[in-house]
Amino acid sequence: LINNKHHNMKIYVKNMVCNRCIFVVEEQLKILAIPVSSVTLGEVDFGNYNLDTGQYEKLTDLLGSLGFEILDNKTSQLVGKVKSLLIGYVQHELNEPNKLNISEYLKNKLHYDYNYLSNLFSSISGFTIEHYVIQLKIEKVKELLFYNELTLSEIAFEMGYSSVAHLSNQFKKETGLTPSYFKKLKDVRKRQSLDKL
């Protein structure tokens with residue numbers, strides 16, 4: 001019996017790297033009447049809905065004609081793995097005294113050339129691995145500020161920053177706020193969970 005369901009509830013789409021791209025892809029999904037849970041840069045999540053082979057092929061053709069490319073399962077899984085590994089890296093590795101740098105870390109875990117991973121990641125998410133890690137770090141810093149148990153210099157150490165100044169500059173660049181001002185706001189709405197990035 002041929003199973004013609006595509007049980008990947010998420011697909012990764014190459015070249016979908018701007019907000020206008022998200023809108024274009026959403027429009028195509030509406031045309032094909034395919035329900036989706038969310039469309040973000042480089043990623044379409046179908047939630048619990050399974051595409052059948054016909055829909056998958058139509059979607060592949062339609063997006064292809066617009067310059068987008070659906071990645072095959074193996075490549076999609078690779079992108080998913082890179083994201084999970086980077087989240088793990090930010091959660092657990094940053095203050096390790098002998099931590100590997102990101103390129104070594106990913107190479108060791110995935111056995112792919114870092115340049116290949118880096119180019120693939122950028123062509124899907126629209127930003128570099130390095131910038132994704134910065135975004136993850138800033139979200140984690142927000143979390144630590146929010147719980148208010150550590151001083152800023154403890155947070156800087158915990159997150160692998162060379163100094164409080166370095167942390168503050170990066171935080172302000174990403175959020176528009178200083179860490180101390182953010183701490184005052186204590187606004188839950190300013191936080192996203194790491195896997196939403």
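This is a short walk through one predicted model, from the whole chain down to single residues.

Let's start with the overall picture. The chain has 9 helices and 6 strands. It runs to 197 residues, and buried residues make up 41% of them. The exposed area is about 11100 Å², with carbon and sulfur atoms supplying 52% of that. Now take contacts between residues at least 6 apart in sequence. Of these, 63% join residues at least 24 apart.

Next, the core. In soluble globular proteins, nonpolar side chains tend to be buried together. Here, the largest nonpolar core holds 37 residues. Which of them touch the most other members? Those are Val-82, Leu-86, Ile-102, Leu-106, Ile-129, Val-141 and Met-159. Six helices each supply at least two residues of this core: α3 (73-92), α4 (102-110), α5 (114-125), α6 (129-147), α7 (152-158) and α8 (164-175). There is also a second, separate core of 18 residues. Ile-34, Val-39, Phe-68 and Ile-70 are included in that one.

Look at Ile-129 for a moment. Set aside residues up to four places away in sequence. Ile-129 then touches Val-82, Leu-86, Ile-102 and Leu-106, and also Tyr-114, Leu-117, Ser-118 and Phe-121.

That brings us to helix packing. First pair, α5 and α6. Their axes come within 9 Å and cross at roughly 70°. So α5 is roughly perpendicular to α6. From α5, the contact uses Tyr-114, Leu-117, Ser-118 and Phe-121. From α6, the partners are Ile-129, Glu-130 and Tyr-132. By type, the residues of this contact are 5 nonpolar, 1 polar and 1 charged.

Second pair, α3 and α5. The angle is about 95°, and the axes are 11 Å apart. Therefore α3 also counts as roughly perpendicular to α5. On the α3 side we have Thr-75, Leu-78, Val-79, Val-82 and Lys-83. On the α5 side, look for Tyr-116, Leu-117, Leu-120, Phe-121 and Ile-124. The split here is 8 nonpolar, 1 polar and 1 charged. Leu-117 and Phe-121 of α5 take part in the contact with α6, and they appear in the contact with α3 too.

Staying in α5, find Ser-122. Is Ser-122 buried or partly exposed? It is partly exposed, because its relative accessible area is 25% and buried means under 20%. Beyond its neighbours within four places in sequence, Ser-122 contacts Val-17, Phe-127 and Thr-128. Val-17 sits 105 residues away from Ser-122 along the chain, yet their C-alpha atoms are separated by 8.3 Å.

Now over to α1, residues 19-31. Gln-28 is in this helix. Gln-28 has a relative accessible area of 12%, so it counts as buried. What does Gln-28 touch, not counting residues up to four places away in sequence? Three leucines: Leu-62, Leu-63 and Leu-66.

Last stop, two backbone oddities, on either side of α1. Asn-15 is in the loop between β2 (10-14) and α1. Its phi is positive, about 70°, although Asn-15 is not a glycine. At 37% relative accessibility, Asn-15 is partly exposed. Ala-33 lies in the loop between α1 and β3 (38-40). Ala-33 is not a glycine either, and its phi is positive at about 55°. Is Ala-33 buried or exposed? Exposed, because its relative accessibility is 58% and the cut-off for exposed is over 50%.

How values were computed
Residues numbered from 1 in each chain as written. Predicted model: local features only at pLDDT ≥ 70, side-chain atom pairs only at ≥ 80, totals over all residues. Heavy atoms only, no water. Core = buried A, V, L, I, M, F, W, Y, C linked by side-chain atoms within 4.5 Å. Buried < 20%, exposed > 50% of the residue type's maximum accessible area, 1.4 Å probe, protein only. Helix = DSSP H or I, 4+ residues; strand = E, 2+ residues; numbered from the N terminus. Contact = heavy atoms within 4.5 Å. Axes fitted to C-alpha atoms, helices over the stretch in contact; angles between N-to-C directions. Parallel < 35°, antiparallel > 145°, perpendicular 65-115°, else oblique. Nonpolar A, V, L, I, M, F, W, Y, C, P; charged D, E, K, R; others polar. Areas by Shrake-Rupley, 256 points an atom, 1.4 Å probe, with all protein chains shown as cover.
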